Amino acid sequence: MNICISSFSPRAALAISVICTSVASTTVFAENDESAQAANQPFDSFSQVIVPMAFRNGETHLRVLDNINGVAIAEGDIIFGDAEQYFYHTKQRSVRGLSNYVYGTVWPNGVVPYRISDQLSASAVAKVNAAIERWNDTGAITLIERTDATAAAYPNYIDFIDANQCASWVGFQNTGAQSIYTGDKCSEGSMIHEIGHALGLLHEHTRPDRDNYVQINWDSITTDKTHNFDILTDAITLGEYDYSSIMHYGTHFFSADGRETITALQNTDAKIGQREFISEGDEQSVIELYQSDLSIVSAAPGSAVAAADMQLDMFITNNSDMGANRVSLRTSVPEESKLVSFSSSSWICQQAGTGEDVVCQTSVLAKNANSSVSMNLTTPASTGQASFTATLDSSTFDTDQSNNTDRSNTTLVATSNDVPTNEKAAAQPQPAFAAATDQAATSGGSSGGGAFGPLGLLLLICRRKLV
Ligand SMILES: [Zn+2]
């Protein structure tokens, strides 16, 4: 569906050098609550900086940043950094090469730690939490609270701080705390919008293809605010243009005369500029940004002696540059099979009862990672064929689900003369890694060792839907 995202990511960094001048202006802030938008209330701001952006295609475009309460901001709510820094260098006239600003990348593994300032009012905290829950409900990413106990594990995080405006950086900054400005002026919908920025989304109306979908009424835009309607020529589009996107400007943003500044060119029932819900296009866009490719190869023993233990090996790979989070591996086993023990460096397995599916989970499977699980199961007393079906699932969208399920079979034999062998494993293309064996636990599965830890347990709630 929708969304204009930054051209960020390692494969598309924007290099920006700051030059230029400051001009007097009155700033109108677009991404506040609806009353502020309607009233076009000015903020304490007096100047702008013009920033030439050097794009990958060799073009350079000027971009105007407003000084809003000391912060350099584009399009009303996209944070570029400390305005003082820009203005200092402007005065010195030695600004070229001041910074190599880049939009952020995506959050590693789709896990987005956050902290909520205790300076916020209870109602503001409630709105932030509600917005976080809405994004987590999509399953596209995982916002997880950063606590003292997890601070070391999460050096980079979103910091929801009290401010006189609602604003956010775009994408993962890799700078430790990165602020999202919030406070009593910011609605729940605005918080959803700002989190959208932090995940990597830009404003829908700045898409390179927007002129096919909306008309910008330049004459109605407040003086010195037309830059907020510039097309970001180097931006990447995800899906179709989405009038319903929560990242879309409202039709009257920055209006000088009360008329529309943005008019839809196509028939739509959408409320343009809504700040109520994550549209389907918004969700699909984030899914597309944070997608991985998991695969499973399972290897049951070629034969097993009835009523003895047998070993089932699983090799799980993430073939993507995006780590997957809240990964689950569900394996169906014969009716009489019980999980005796398992061995893995990163997975924890459980079985509700004999014959039930064995469910193994890990909080994160990092990009391009190989992992394995080895299970010991009791063998049914009967003879014949026993089959196992292993299926991977994840909170992170999987681009290729055809390799997420693997089946293997075992011949159950009656006598101990037939020693179980791992024939299928021998026949399989061998994964380029060794099975990890540094953790072993029983089917009670609560050892919690290795890299998993108590934090991982929090992430075991696997409510992912695979689209
Ligand atoms: Zn915005």
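This briefing looks at helix 3 and at residue Q274. The model is predicted: local features need pLDDT of at least 70, side-chain atom pairs count only at pLDDT 80 or more, and totals for chains, interfaces and linings use all residues. Residues are numbered from 1 along each chain as its sequence is written. Helices (H or I, at least four residues) and strands (E, at least two) are DSSP runs, numbered from the N terminus.

**Helix 3**

- Helix 3 covers residues 122-138, and its 17 residues should span 24 Å at 1.5 Å a residue (taken times one less than the number of residues); the end C-alpha atoms are 25 Å apart, which agrees.
- Its buried residues (20 or more other C-beta atoms within 10 Å of their own, with C-beta atoms placed from the backbone) are A124, K127, V128, A131, I132, R134 and W135.
- These cover an arc of only 155° around the axis (from the directions from the helix axis to the C-beta atoms), so they sit on the same side of helix 3.
- Facing away from that side are the exposed residues (12 or fewer such neighbours) A122, S123, A126, E133 and D137.
- Strand 7 (111-116), strand 9 (157-162) and helix 4 (188-199) are among the elements covering the buried residues.
- Just after the helix, G139 takes a positive phi of about 80°.

**Residue Q274**

- Q274 lies in the loop between strand 14 (262-264) and helix 5 (280-289).
- Q274 counts as partly exposed (in between the buried and exposed cut-offs) because it has 16 C-beta neighbours inside 10 Å.
- Leaving aside residues up to four places away in sequence, Q274 touches (C-beta atoms, placed from the backbone, within 7 Å) S244 and I246.
- The C-alpha atoms of Q274 and S245 are separated by 7.3 Å, with the two residues 29 residues apart along the chain.

Note on methods: Two residues are in contact if their C-beta atoms, placed from the backbone, lie within 7 Å.
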